[in-house]
Amino acid sequence: MKSYKIHKIVYDQTLEILKETRYLERQIDEMMQQREQIGKKLDQEERHFTEQETMFVQTRSEWKEKIYHWNQNNQELVLETVQMESFSHFTDSYEMSSDFTQIRGQVNETKMQIQWELDSLWHENEKELREKEKERQETEEELEAWKNQKEPEPPRSEAVLKNRKRLDELGIPYHEFYKVIEFGNAMDETACNHLEEALLNMGILDALVVEEQYREQVLTQAAGCEERYLFVQSYQPERSLLDVFEVNNIFSNRRLTGILSNIAYEDSGVVSIRKDGSYQLGIINGTITGEYEAGLLGVRARERNRLAKIAECEKR
């Protein structure tokens, strides 16, 4: 009986051990299955991570390539090499905490600088365009004036223009000095240039020739008017402008002859002009530039001057 009980206890214990063993075996099988599933999942996650990492590297390389390509194709917003290297370094070290606004900030700063430069250039070009347009209009007006103008005239002040209008209204006949004389054939081009420039500087070239009977009337002061008049004097030098000029106005021939004979040429006198263009006008002695080209004395010279001015305007 005692032996039976002992066997019974051993049997029960053995049965419990077998039950526990089966339970543990099932646990082991489940854990093995779980381990296998976890291993598969880890493999999938590793593959996914590898794929994502590869995609990230590829995307990063594509972005760098695109940003370089974008910069190369830009015509105005072209970033400097240092900036591009900074962008490349940012891309290579990019992580979740990286702030892309610093890239935008650098680009915007460069963009604003270039925009300011372009705006300044645009304003300069606009100003230059307005100036060119103004020059074009002035040239067209000048060209039209030269085409419509019968012949060139010396520069005149408003006071002179006002006085000549006054003489016209008073019915006083007058002749501009440069219109009633011509250079003689013996004068060479250089001498003509010097002589005309000297007469211009002396105020004689555009001075008025009037009859003696109007002397007192024209010399009476008029407000806002000014003028230079030529009257015959008693002094006559040995050599004068009468030797180098020809008078082309019959009406005033005698008076012009007297005036020309009063102005010494290559001779000393109160009013005299030397061949080099230097002159004396009373106590005043003067020189010329020597760069002046005659174009007022003589009908042919004025027409040649007018045509030259037209050609000059058309070339602008």
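**Note on aromatic pairs, helix α7 and two pockets**

1. The count of aromatic pairs in this structure comes to two. The structure is a predicted model, and the points below should be read with that in mind.

2. One pair is formed by F183 and F245, whose ring centres lie 5.3 Å apart. Their planes meet at 35°, and the pair is therefore classed as tilted, since that class takes the angles that are neither under 30 degrees nor over 60. The pair links distant parts of the chain: F183 belongs to strand β2 and F245 to strand β5, with the two positions 62 residues apart in numbering.

3. Are F183 and F245 buried or exposed? F183 has a relative accessible area of 13% and is buried. F245, at 6%, is buried as well. Both assignments follow because a residue counts as buried when its relative accessible area is under 20%.

4. Another ring to inspect is that of F231. R215 lies over the face of this ring, at 4.1 Å from the ring centre.

5. Helix α7 runs from residue 253 to residue 262 and is mostly covered, with seven of its ten residues buried. These buried residues are R255, L256, G258, I259, L260, S261 and N262. Which elements do the buried residues of α7 pack against? The partners are the strands β2 (181-183), β3 (208-209), β4 (229-230), β5 (245-247), β6 (264-265) and β7 (271-273). Strands β2 and β5, which hold F183 and F245 respectively, are thus among the partners of α7.

6. The largest pocket has a volume of about 580 Å³. Its lining consists of 24 residues, and those nearest its centre are E293, A294, G295, A301 and R304. β2, α5 (189-202) and α8 (299-315) each supply at least two residues of this lining. Helix α8 gives the most, with seven residues. By class, the lining of the largest pocket has ten nonpolar, six polar and eight charged residues.

7. The second largest pocket holds about 310 Å³ of space. It is lined by 13 residues, of which L230, F231, Q233, N262 and V271 are the closest to its centre. Strand β4 and helix α7 are the elements that give two or more residues to this lining. What classes of residue make up the lining of the second largest pocket? It has eleven nonpolar and two polar residues, and no charged residues. Two residues named earlier return here: F231, whose ring lies under R215, and N262, one of the buried residues of α7.

Technical notes
Residues numbered from 1 in each chain as written. Predicted model: local features only at pLDDT ≥ 70, side-chain atom pairs only at ≥ 80, totals over all residues. Heavy atoms only, no water. Buried < 20%, exposed > 50% of the residue type's maximum accessible area, 1.4 Å probe, protein only. Helix = DSSP H or I, 4+ residues; strand = E, 2+ residues; numbered from the N terminus. Contact = heavy atoms within 4.5 Å. Phe/Tyr/Trp six-rings, centres within 6.5 Å; stacked < 30°, edge-to-face > 60°. Lys NZ or Arg CZ within 6 Å of the ring centre and 35° of its normal. 1 Å grid on protein atoms, 1.4 Å probe; cavity = no way out; pocket = protein on both sides within 12 Å on 5 of 7 lines; lining within 4 Å. Points joined across faces, edges and corners; volume = space filled by probe spheres on them. Nonpolar A, V, L, I, M, F, W, Y, C, P; charged D, E, K, R; others polar.
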